[in-house]
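Student: I've got a protein model open and would like to practise reading it. Could you walk me through it?

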Amino acid sequence: MADSTRFASPTGFLSRSRTVAAPNWSRWLVPPAALSVHLAIGQAYAWSVFKPPLESALGLSGTQSALPFQLGIVMLGLSAAFGGTLVERNGPRWAMFVSMTCFSSGFLLSALGVLTRQYWLVVLGYGFVGGIGLGIGYISPVSTLIKWFPDRPGMATGIAIMGFGGGALIASPWSAQMLGSFGADPTGIATTFLVHGVVYAVFMSMGVLLVRVPPDGWTPKGWSPPAAQARPLITTADVSARNALRTPQFYCLWVVLCCNVTAGIGILEKAAPMITDFFAGTTAAVVAGAAAGFVALLSLANMAGRFVWSSTSDLIGRKNMYRVYLGVGALLYLVIALAGDSSKPLFIVCALGILSFYGGGFATVPAYLKDLFGTYQVGAIHGRLLTAWSTAGVLGPLIVNAIADTQKAAGRSGSDLYTTSLFIMIGLLAVGFLANELIRPVHDKHHERPAPMVEKGQVA
């Protein structure tokens with residue numbers, strides 16, 4: 001019991017009490033701390049760069065090479081769900097340190113796995129151990145940012161979560177360059193993984209050192225909490241993580257997130273080989289370098305969407321913003337499915353739009369939770385909601401890879417490998433759109449009750 005207590009309540013440099021900001025601390029130093037972690041763990045979105053080299057070096061199928069990424073996303077959701085309460089209790093510095101340790105260790109284990117040709121070590125390292133780092137790191141700054149920026153929660157979470165979407169913008173060309181320099185054989189891939197593990201550990205340590213939490217009762221200068229609801233879905237009360245799980249709103253939002261993520265992550269995980277396959281045999285054929293550039297472009301759209309659309313949600317409301325993500329996203333998928341390989345620019349523009357909505361959905365959901373459930377345990381609620389990401393992390397790549405493998409085995413090629421997957425994604429977005437329409441304000445029976453006042457002379 002003593003050991004578990006120590007783990008749950010760290011002391012010294014990592015303790016929450018050591019991260020309380022001084023009175024003159026600038027809240028604008030917190031987003032860079034969050035970005036240092038999210039830009040690192042956002043490398044997960046560049047996994048597709050490693051798929052072709054791993055398939056060639058270790059003799060894997062497309063479905064097999066997706067396993068580390070899939071397991072990583074599963075562990076992201078599970079570790080966020082089970083670790084959300086610990087993150088709330090122990091604070092962001094502890095969480096960022098745990099994330100840094102697990103994420104970097106995952107790369108080192110993967111390097112060993114490739115070097116020894118033991119692919120299960122890559123799955124264990126990148127997927128399981130690294131996935132824990134993804135989940136803890138992802139939620140580590142969310143509730144802290146919402147507390148620092150109660151006046152602009154969508155913008156604040158968008159800044160940080162923008163980093164997760166933009167991680168591949170750095171990692172994709174960087175990884176491709178290292179694979180070109182070290183080689184795409186097992187030794188070269190292992191060296192690339194090793195460099196990733198060391199460099200990301202150094203980079204993430206900046207966030208560990210810089211992050212702070214606001215003092216109790218702190219509010220931005222010149223701002224005061226609204227006395228009444230400004231919009232229909234915004235609550236002025238608080239809901240605990242336990243009670244949130246008893247509300248239909250939580251499960252509707254779970255479906256919304258799951259559908260939106262499944263529709264985006266399937267393409268993102270297979271982005272490099274997908275654009276190559278789509279235009280193979282046409283005059284617009286895509287070479288490996290251009291495919292890596294396409295992954296970087298998707299990362300840029302993912303990153304920009306997280307900031308632009310989440311900030312827009314502060315103006316038009318979260319529900320309206322998700323109507324755009326799901327409704328317009330479905331139309332963009334329909335355009336890709338109908339156009340096929342007739343226009344590469346049209347394919348790229350639509351894919352960029354879809355990935356901007358995908359990223360925006362992630363950045364907007366913490367503010368949506370804050371609107372529905374208040375700030376009391378929003379980090380823990382957010383962690384539980386991310387199990388939707390775990391589910392989508394399996395469904396999206398499985399749908400796209402399995403159908404592509406089946407179509408290839410049937411002798412089909414080009415855009416025909418993905419047409420069925422695209423129509424499935426349209427259906428999922430339609431389901432998510434309906435779930436978003438069903439979201440209503442949380443009933444006050446789920447609200448936390450204020451502690452009873454203690455009369456003078458009474459013992460509490």
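Tutor: Here are some questions and answers on cavities, cysteines and salt bridges; keep in mind that this is a predicted model.

Student: Okay, cavities. What volume does the largest cavity have?

Tutor: Using a cut-off of 30 Å³ or more, the count is 3 cavities. For the largest cavity, the volume comes to about 40 Å³.

Student: Which elements give two or more residues to the lining of the largest cavity?

Tutor: The lining includes Asn260, Ala263, Tyr325, Tyr333, Ile354 and Phe357. By type, the lining residues split into 7 nonpolar, 3 polar and no charged. The elements giving two or more residues to that lining are helix 12 (248-269), helix 15 (318-339) and helix 16 (344-373).

Student: On to cysteines. How many disulfides does the structure hold?

Tutor: A disulfide is a covalent bond between the sulfur atoms of two cysteines. Take Cys252, which is buried at a relative accessible area of 16%. The closest cysteine sulfur to its own is in Cys259, and at 11 Å that is too far for a bond. For the structure, the number of disulfides is 0.

Student: Is Cys350 buried or exposed?

Tutor: Buried means under 20% relative accessible area. Cys350 has a relative accessible area of 4%, so Cys350 is buried.

Student: Now salt bridges. How far apart in sequence are the parts that Asp151 and Arg27 tie together?

Tutor: Asp151 and Arg27 form a salt bridge, with their closest N and O atoms 3.1 Å apart. Asp151 sits in the loop between helix 8 (142-148) and helix 9 (153-182), while Arg27 is in the loop between helix 1 (2-8) and helix 2 (30-41), so the parts they tie together are apart in sequence by 124 residues.

Student: Which of those two counts as buried, and which as partly exposed?

Tutor: Go by relative accessibility, where buried means under 20%. Arg27 is at 13%, so the buried one is Arg27. Asp151 is at 27%, so the partly exposed one is Asp151.

Student: What separates Lys51 and Glu55 along helix 3?

Tutor: Their side chains meet in a salt bridge, 3.9 Å from N to O. Lys51 counts as buried at 0% relative accessibility, and Glu55 as partly exposed at 24%. Because they are 4 residues apart in helix 3 (residues 51-58), what separates them is about one helical turn.

Student: Last one: which helices hold Glu437 and Arg323?

Tutor: Glu437 forms a salt bridge with Arg323, the closest N and O atoms being 2.7 Å apart. This pair ties together parts 114 residues apart in sequence, because Glu437 is in helix 19 (residues 419-437) and Arg323 in helix 15.

Notes: Residues are numbered from 1 along each chain as its sequence is written. This is a predicted model: local features need pLDDT of at least 70, side-chain atom pairs count only at pLDDT 80 or more; totals for chains, interfaces and linings use all residues. Side-chain values use heavy atoms; hydrogens and water are left out. On a 1 Å grid over the protein atoms alone, a cavity is a set of points where a 1.4 Å probe fits but cannot get out, and a pocket is an open set with protein on both sides within 12 Å along at least five of seven lines; lining residues have an atom within 4 Å of a point. Grid points are joined across faces, edges and corners, and a volume is the space filled by probe spheres set on the points. Ala, Val, Leu, Ile, Met, Phe, Trp, Tyr, Cys and Pro count as nonpolar, Asp, Glu, Lys and Arg as charged, and the others, Gly among them, as polar. A disulfide is a pair of cysteine sulfur atoms within 2.5 Å. Buried means under 20% relative accessible area, exposed over 50%, partly exposed in between (1.4 Å probe, protein chains only). A salt bridge is a side-chain nitrogen of Lys or Arg within 4 Å of a carboxyl oxygen of Asp or Glu.
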